[in-house]
Amino acid sequence: MNKDAKSIIVEDYAQSLTELTFNSRPIIYNLTIIARENTEVADGILKAITNRIYKCIPDQKLFALYLLDSICKTVGDPYNTLVGDEVFNIFSHVYLLVNNTIRQKLVNLFESWKTFKIKGTNLPLFPQDQIDRIFSFLSQANVKTGTNPAQLTNRSLIDDIDTLIPIFQKKMYEKPDPKLTDKYNALTQLKVLLSNQAMKLNELQAVQSQLNAIKQQELNSKKNMSPSMASSTINPIPSEAKPNNKVNELFGMLVVSGLIHVDQSLKPGSLPTYRLNFPKRKYHSTMNIPNNVALPSNSVLEQLLVSTHAKFNVSGKSIARTEYEQLKFNELNRLSIDSTGLQNFVNSNAASASEKSLLYEAKPSKCGTCGKRFTDDEDGTQKRRMHLDWHFRVNKKLSTSNVQSRIWYLDDYEWVKFKEASLSEYSTADPVDSNNPVETVEEQKEIPFVPVPMNETNMNNKCLICRDQVKATYNDDLGEWCWYNCIRAPGEGKNSRKIVHATCFSEANRKRGADDDLTNVVKREKL
Amino acid sequence: MTSVPTFGSDVFGGNEGDFEGDEFTEVFIPEGSEWRFEVPFKLTLKLIVVEGVGEIFGTELPNNVQLQLSGVKYAIYSPLEAGCKVKYSTVPNNNFAASTSDDSEVSEYISEETPMNQYLNLHLFLEQKRQKISEFNMGNISEQKKGPKVLIIGSPFSGKTSLSKILCSYAYKMNSSPVLVNLNPRDGVFSIPGSLTATPISDSFDLESTNGYGGSLTSGTTTHNPKQPLVMNFGLLKPEDNLELYKYQISRLGIAVMSRLEEDVLLKSSGLIIDTPPLSIKDVTIIENIISDFEIDTIAVIGNERLLIDLKKKFKHKINSSSLDIVKVAKSGGVVELDEKYIRDIQQESIREYFHGNFRNTLSPFKTDIDIKDYKFFSCFEASELNSNLAFLPSGDSFTPEESEASEKEKKDRFDLDKYYRLLEEPNASNLENCILAITQLPSRNNSPKDLLNACVLGYAHASKVEDTKQKIKVLVPFPGAFPRNHLIVTAIRYTE
């Protein structure tokens with residue numbers, strides 16, 4: 001096979017890859033077969049696939065990765081060896097750019113890599129060091145992979161606590177009791193301590209036994225307990241149908257109360273990180289904690305929080321923030337203000353340059369016409385472009401005819417339903433744009449006119465709307481005097497001299513039309 | 001496209017450079033200082049920011065663009081280290097007809113002492129609250145919270161309106177969009193005096209317009225994005241002129257505003273900024289009403305220690321349960337006491353702007369004749385009359401048997417209405433001419449007095465001439481077409497063209 005034929009195969013292959021825009025078994029199967037039959041261009045094909053993975057949009061990356069997985073598993077050599085050293089890079093690249101659902105699929109995929117052995121051999125699919133790197137990468141991202149399920153770890157105990165906390169929450173909510181509060185505090189404190197990784201195995205066991213005691217106690221006091229609860233394993237509690245909601249709520253409360261600060265990195269698809277803001281007054285422990293346990297460090301707590309977050313999926317998915325929003329988020333979170341310190345804060349806080357910049361330089365691009373500021377990122381550039389377009393249109397419109405009047409206010413029902421965004425220059429339903437086609441259509445039509453009635457002697461007339469003078473002109477074709485650019489006022493007879501400018505009429509009518517649309521939507525009683 | 005046409009450049013652009021040396025005066029405003037200036041109505045101040053950042057009540061000025069200001073008492077604050085350099089010149093204002101001789105000069109000075117730091121801190125506190133709330137709302141679809149609802153209270157001429165503008169502008173600049181509620185019937189906020197309004201601030205203020213807010217929607221294109229206010233009629237200039245009506249309209253406005261917040265996530269997390277007439281501890285019932293109608297959680301008291309302490313005492317329970325923060329901010333030394341004439345002029349100008357627009361956007365109002373007999377005129381009832389008539393009003397609950405429930409109810413409604421509005425039995429020149437008429441949203445066939453009271457304002461008309469013999473009124477309405485409704489409320493606001 002000559003060089004050209006080879007490159008043609010690779011090109012074809014790359015072309016076929018572009019079809020992989022959804023999870024299609026046939027396509028992946030076909031492409032796997034082609035890869036098997038053309039092992040002599042394996043490097044070219046791999047290059048095409050990896051290119052595809054790196055270049056395509058995040059939502060489609062998974063499918064190309066599935067293809068790679070399929071080829072490595074069914075064809076094996078040379079593909080798995082060739083791509084072997086790249087696997088971590090590819091995997092982490094995809095992982096960082098996708099949403100949580102796809103991430104879960106990636107984790108599943110990775111699980112299969114760990115155990116897969118190449119057909120007829122005992123060799124792993126990918127080099128061990130790559131697998132290890134992915135493993136540590138994933139554990140940094142706080143994803144639980146299926147290792148050591150039985151082993152007693154801080155994490156498993158924390159999970160235990162996490163299932164207990166909602167129960168306590170609910171109980172405290174239903175029947176406030178100081179003892180319960182104490183227990184609850186103890187639990188949360190225990191959780192804090194657990195995240196200190198310095199704990200030794202025997203300590204962990206001690207904690208577990210205490211935890212089991214609490215659990216047992218809770219279960220005994222709980223009337224409608226399910227049988228599964230009697231065991232010490234952590235099964236979901238049927239009577240707690242919505243523990244997630246409770247935890248979400250609690251978590252939200254903690255964020256609002258300022259106990260937890262939320263940070264999210266700019267990297268798309270990244271998870272928010274959480275930082276605890278310790279209350280100044282410490283609560284009393286009702287539990288004996290070994291004195292030698294050091295206070296957990298912040299970073300560990302953050303991890304803990306992220307894991308609870310990931311587990312209970314507080315906000316469903318990561319929040320897409322613009323650079324400005326991110327900066328604002330970080331700056332504002334840094335301020336520590338509470339109700340008692342508010343007056344002091346207002347009196348004497350000296351706003352830092354970076355806080356001030358939120359009002360000024362953080363949106364560095366200032367409109368030369370009106371002073372409105374825009375950010376430098378994609379969102380800001382887009383808005384700025386629309387804003388400048390708007391200025392341009394407005395000035396153009398104002399330089400030509402722009403007869404306008406103030407329109408009526410909305411009634412309360414319409415106002416409540418009014419979409420504020422429709423006022424701005426970024427509105428997709430821009431009134432200027434949407435009106436333009438209508439007007440050009442009107443211009444193309446013949447000039448409207450009203451023939452002066454036979455019995456009329458006064459050739460001068462005026463528009464009922466704008467009250468401007470209208471003089472009659474002679475139309476040679478008709479042999480009649482006519483008022484041009486005018487139409488007869490609606491409802492007037494053939495011999496009436498009541499006329500309005502066609503433009504005034506359409507202007508007035510358009511507004512009434514818009515009004516009617518609105519009333520149709522809200523079904524308001526009309527006259 | 002070579003360049004984007006800009007404000008004013010077509011009007012004065014050609015000569016700007018030539019006259020720079022002799023016509024314009026330069027002012028440098030150092031960081032943290034503000035340049036305060038007053039421009040009488042008969043002059044127009046042409047103002048250009050040459051260098052740096054300058055803002056008027058939180059609204060940042062464009063650089064190298066000429067603003068035209070008339071009848072204003074403004075201050076340009078220089079927030080950044082580099083300071084701000086401006087230049088200005090004055091020309092006679094041809095748009096203002098009144099020919100009075102007093103204050104014919106621009107007065108101006110630079111002050112280093114401003115409370116802007118405190119105002120910024122207050123804003124940062126509010127913005128942090130907004131952020132936390134919006135964060136919370138994102139994670140809790142079922143139970144959404146509202147952003148900070150701020151009530152600004154202070155003595156007369158303490159800078160309440162300026163603070164409300166600053167808080168709104170800063171919020172807008174940080175991508176929030178609070179609803180600005182104006183409860184001071186003296187000012188027309190996106191409307192005319194005598195109104196109580198609520199307006200979401202989804203764009204910057206238009207400093208060149210009368211009052212420095214901007215306008216409501218027009219049928220065409222405006223140089224500044226318009227706002228969409230909800231307008232309630234009060235029709236009088238001071239709350240004490242009819243406290244019952246004032247409180248009633250506040251609570252109507254409160255209901256609408258709270259419903260609006262439920263409809264819009266951004267408005268909801270951004271909350272409210274409420275500007276008020278001068279209130280003291282004697283008006284505590286009004287304050288209590290506002291707090292409950294608008295679910296106020298933050299009160300900013302401007303420069304009045306006594307009021308602060310009284311309010312703290314009064315609302316101790318709310319403070320203790322952490323449902324209310326009361327915070328004091330300093331009064332700006334730049335606040336000027338407005339004289340009656342200036343207030344009247346500004347009121348007249350804002351009415352003029354409602355009908356005719358301003359020099360940037362000329363509007364075409366519509367003149368028409370209406371027959372008095374086709375309309376029902378109500379007047380806003382003034383409290384002084386109420387006091388004298390109080391003895392004749394029935395007491396609260398009636399124990400009359402329910403023989404004719406419907407008519408009884410009707411009667412009661414009528415009694416209710418009399419406290420607020422009264423039907424004008426003889427509408428004529430003496431009680432209509434030159435009045436501003438509030439056109440209510442009430443459909444023509446609806447005669448329920450209660451509904452009239454609940455109806456908000458569709459727009460305003462001006463009775464420019466009443467011909468008693470013909471029983472006709474020449475009216476000016478903002479928008480062409482048939483006169484839209486037949487229930488009119490005669491306000492205490494007078495206007496002459």
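In which strand of chain B is B:K73 found? The answer is β7, which spans residues 72–77 of chain B. Please keep in mind while reading that this is a predicted model.

## The annotated site in chain B

B:K73 is a good place to start, since an unreviewed UniProt entry lists this residue under "binding site", together with B:E34, B:F157, B:S158, B:G159, B:K160, B:T161 and B:S162. B:K73 counts as partly exposed because it has 19 C-beta neighbours inside 10 Å, and a residue needs 20 or more to be called buried. Beyond residues up to four places away in sequence, B:K73 touches B:E38 and B:V336.

B:F157, from the same UniProt list, sits in the loop that links β10 (149–154) to α3 (160–173) of chain B. Is B:F157 buried or exposed? B:F157 is exposed, because 12 other C-beta atoms lie within 10 Å and the exposed class takes in residues with 12 or fewer. Once neighbours within four places in sequence are set aside, the contacts of B:F157 are B:V335, B:E337 and B:L338.

## A seven-stranded sheet and its helix

β10(B), which comes just before that loop, also belongs to an open sheet of seven strands. Reading across this sheet, the order is β13-β12-β11-β14-β10-β15-β16 in chain B, and the pairing is mixed. β13 (230–233) and β16 (325–329) of chain B form the edges, each pairing on one side only. From one strand to the next, the twist averages 15 degrees.

The helix on the other end of the loop, α3(B), lies across β10, β11 (179–182), β14 and β15 of chain B. Relative to β14(B), α3(B) runs at about 165 degrees.

Although β16(B) is an edge strand, five of its five residues are buried. B:D325, B:V327 and B:V329 point one way from the strand, while B:I326 and B:K328 point the other way. β16(B) is joined to β15 (residues 298–302) of chain B by five bridges, and these two strands run parallel.

## Bridge partners at a glance

The table collects bridge partners from β16(B) and residues that stand opposite one another in β23(B).

| Residue | Partner | Strand of the partner |
|---|---|---|
| B:I299 | B:I326 | β16(B) |
| B:V301 | B:K328 | β16(B) |
| B:F378 | B:I489 | β23(B) |
| B:C435 | B:R494 | β23(B) |

β23 covers residues 487–494 of chain B and is mostly covered, with six of its eight residues buried. Strand β18 (residues 376–380) of chain B runs parallel to β23(B), and four bridges join them. With β20 (residues 435–440) of chain B, by contrast, β23(B) pairs in the antiparallel sense, over four bridges.

## Helix α6 and the nonpolar cores

Which residues of helix α6 (residues 284–293) of chain B are buried? They are B:I286, B:I287, B:I290, B:I291 and B:D293. The buried residues of α6(B) pack against β10, α4 (243–263) and β14 (272–275) of chain B, and β10 and β14 are also strands of the seven-stranded sheet. After α6(B) comes B:E295, whose phi is positive, near 50 degrees.

B:I290 deserves a closer look. Leaving out neighbours within four places in sequence, B:I290 is in contact with B:L151, B:L183, B:I250, B:I274 and B:I296. The largest nonpolar core has 137 residues, and B:I290 is among those that touch the most other members, along with B:V181, B:I274, B:A300 and B:L437. Another core, of 33 residues, lies apart from it and includes A:V41, A:I49, A:Y79 and A:I90.

## Chain A and its meeting with chain B

Chain A contains 20 helices and ten strands. Of its 527 residues, 24% are buried. Among contacts in chain A between residues at least 6 apart in sequence, 65% join residues at least 24 apart.

Where the chains meet, 71 residues of chain A are in contact with 79 residues of chain B. Elements of chain A that give two or more residues to this side include α12 (243–257), α14 (323–334), α17 (378–399) and α20 (502–522). α17(A) gives the most, with seven residues. By class, this side of chain A has 38 nonpolar, 16 polar and 17 charged residues.

Key: Residues are numbered from 1 along each chain as its sequence is written. Chains are lettered from A and ligands numbered from 1 in the order in which they are written. This is a predicted model: local features need pLDDT of at least 70, side-chain atom pairs count only at pLDDT 80 or more; totals for chains, interfaces and linings use all residues. Two residues are in contact if their C-beta atoms, placed from the backbone, lie within 7 Å. Ala, Val, Leu, Ile, Met, Phe, Trp, Tyr, Cys and Pro count as nonpolar, Asp, Glu, Lys and Arg as charged, and the others, Gly among them, as polar. UniProt positions are given in the numbering used here, feature names are shortened, and annotations may be inferred rather than shown by experiment. A nonpolar core is a set of buried Ala, Val, Leu, Ile, Met, Phe, Trp, Tyr and Cys residues joined through C-beta atoms within 7 Å. Two strands pair if DSSP finds at least two bridges between them. Axes are lines fitted to C-alpha atoms, for helices over the stretch in contact, and angles run from 0 to 180 degrees between N-to-C directions.
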